[in-house]
Amino acid sequence: MGSGQDLRHRWDLSPREAVQLQKELARKVVLQPLPLDFDVLAAADLSYFKGGTYLAAVIVTFRWPDLSPIETVHVKAPVKFPYVPGLLSFREIPALLEAFQRLRTRPDVFLCDGQGLAHPRKFGLACHLGLVLDFPAVGCAKSRLCGEHPPLELRKGHSVPLVLNGERVGSVYCSRTGVKPLYISPGHLADLPSSEELVSRCVGRFRIPEPLRRAHAAATALREGRALT
DNA sequence: GCGACAG
DNA sequence: ATCTTGTCGC
């Protein structure tokens, strides 16, 4: 009993403890409109080295709203938590926090490659990262983890509600005509309308929002020992 | 017991 | 996520 305070800053948890912690922390998530007149956007992504023993965590910051890149930081760290659907944040956040410490720029918002509220316990990666850093965060996943939604017309700009247990937790958004949709959900200090607006403004010529594409490219480059441009 | 299942 | 070749379409 009373494990809340004890688990708050630990990452070496068992999957079972992690689930319990998510239930506690989910209550602390704040949903509110995210002002879209901020200055710096940060995008985070990771890539795993072959063998699965190491990973590269990357955070790239961009000037808003033109999205010109500011700086890129990264860390290579050993993987310490297995991939378990629903517990992704425990696997990726420790490394992202290390990368965050190397950042010289102060981000205003974080765009994450994963779910926010659209999670079985309403505590996806974006919620967890935002809460831990006390920063606004938005989740933008490439596939569905949970929730149901009506058919989506695959035309750029269209979106339908993503519902979980009768509650709207996100939006299924078509960023480009004819491509698979994106799963958008607020993480922390953001709400659905502003999250969807943020993501839509980040979409350029491809399905994946430019900031995430850039972060992903950097993470992949690191994995392949290449240079990050 | 049988599927589903972010990255 | 990563492992992998060619191939269909704009």
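A polar contact is a pair of N or O atoms within 3.5 Å. Lysine 142 meets that cut-off with DNA strand C, because an N or O atom in its side chain is 3.2 Å from a phosphate oxygen of the strand. The model described here is predicted. The points below cover the two DNA strands, the cavity, the two largest pockets and one serine.

**DNA strand C**

- The residues around DNA strand C are Ser47, Tyr48, Lys50, Lys142, His216 and Arg223.
- Of the strand C atoms that come within 4 Å of the protein, sugar and phosphate make up 100%.
- The elements β1 and α6 (210-223) each give two or more residues to the surface near this strand.
- A polar backbone atom of tyrosine 48 lies 3.5 Å from a phosphate oxygen of DNA strand C.
- Sorted by class, the surface near DNA strand C holds 3 charged, 2 polar and 1 nonpolar residues.

**DNA strand B**

- DNA strand B is surrounded by 17 residues, and the closest are Tyr83, Gly86, Lys142, Ser143 and Arg144.
- For this strand, sugar and phosphate account for 52% of the atoms that come within 4 Å of the protein.
- Arginine 144 has a side-chain N or O atom 2.8 Å from a phosphate oxygen of DNA strand B.
- Aspartate 113 has a side-chain N or O atom 3.4 Å from a sugar or linking oxygen of DNA strand B.
- Leucine 125 approaches a base instead: one of its backbone N or O atoms is 3.1 Å from a base nitrogen of DNA strand B.
- The surface near DNA strand B consists of 7 nonpolar, 6 polar and 4 charged residues.

**The cavity**

- Searching the whole structure gives 1 cavity of 30 Å³ or more.
- The space in the largest cavity is about 40 Å³.
- Its lining is made of Ala44, Asp45, Leu46, Glu92, Leu96, Cys112, Asp113 and Leu125.
- Two or more of these lining residues come from each of β1 (40-48) and α3 (88-101).
- The element that gives the most to the lining is β1, with 3 residues.
- By class, the lining of the largest cavity has 5 nonpolar and 3 charged residues, and no polar ones.
- Aspartate 113 and leucine 125 both line this cavity; aspartate 113 also has a side-chain atom 3.4 Å from DNA strand B, and leucine 125 a backbone atom 3.1 Å from a base nitrogen of that strand.

**The two largest pockets**

- The largest pocket has a volume of about 350 Å³.
- It is lined by 19 residues, with Tyr83, Leu88, Gly114, Gln115 and Ala141 closest to its centre.
- The lining of the largest pocket divides into 8 nonpolar, 8 polar and 3 charged residues.
- The volume of the second largest pocket is about 200 Å³.
- Among its 13 lining residues, Pro78, Lys80, Arg91, Pro94 and Ala95 lie nearest the centre.
- The elements β3 (69-78) and α3 each supply at least two residues of the lining of the second largest pocket, and α3 gives the most, with 5 residues.
- The lining of the second largest pocket has 9 nonpolar and 4 charged residues, and no polar ones.

**Serine 194**

- Serine 194 lies in helix α5 (residues 192-202).
- Serine 194 counts as buried because its relative accessible area is 7%, and the cut-off for buried is under 20%.
- Its side chain makes a polar contact of 2.3 Å with the side chain of aspartate 191.
- Leaving out residues up to four places away in sequence, serine 194 touches Gln32, Pro33, Leu34 and Leu36.

Key
Residues are numbered from 1 along each chain as its sequence is written. Chains are lettered from A and ligands numbered from 1 in the order in which they are written. This is a predicted model: local features need pLDDT of at least 70, side-chain atom pairs count only at pLDDT 80 or more; totals for chains, interfaces and linings use all residues. Side-chain values use heavy atoms; hydrogens and water are left out. Helices (H or I, at least four residues) and strands (E, at least two) are DSSP runs, numbered from the N terminus. Buried means under 20% relative accessible area, exposed over 50%, partly exposed in between (1.4 Å probe, protein chains only). A polar contact is a pair of N or O atoms within 3.5 Å; within protein, one must be able to donate a hydrogen and the other to accept it, and residues adjacent in sequence count only if both atoms are side-chain atoms. Contact means heavy atoms within 4.5 Å. A residue is near a molecule or strand if one of its heavy atoms lies within 4 Å of it. Ala, Val, Leu, Ile, Met, Phe, Trp, Tyr, Cys and Pro count as nonpolar, Asp, Glu, Lys and Arg as charged, and the others, Gly among them, as polar. On a 1 Å grid over the protein atoms alone, a cavity is a set of points where a 1.4 Å probe fits but cannot get out, and a pocket is an open set with protein on both sides within 12 Å along at least five of seven lines; lining residues have an atom within 4 Å of a point. Grid points are joined across faces, edges and corners, and a volume is the space filled by probe spheres set on the points.
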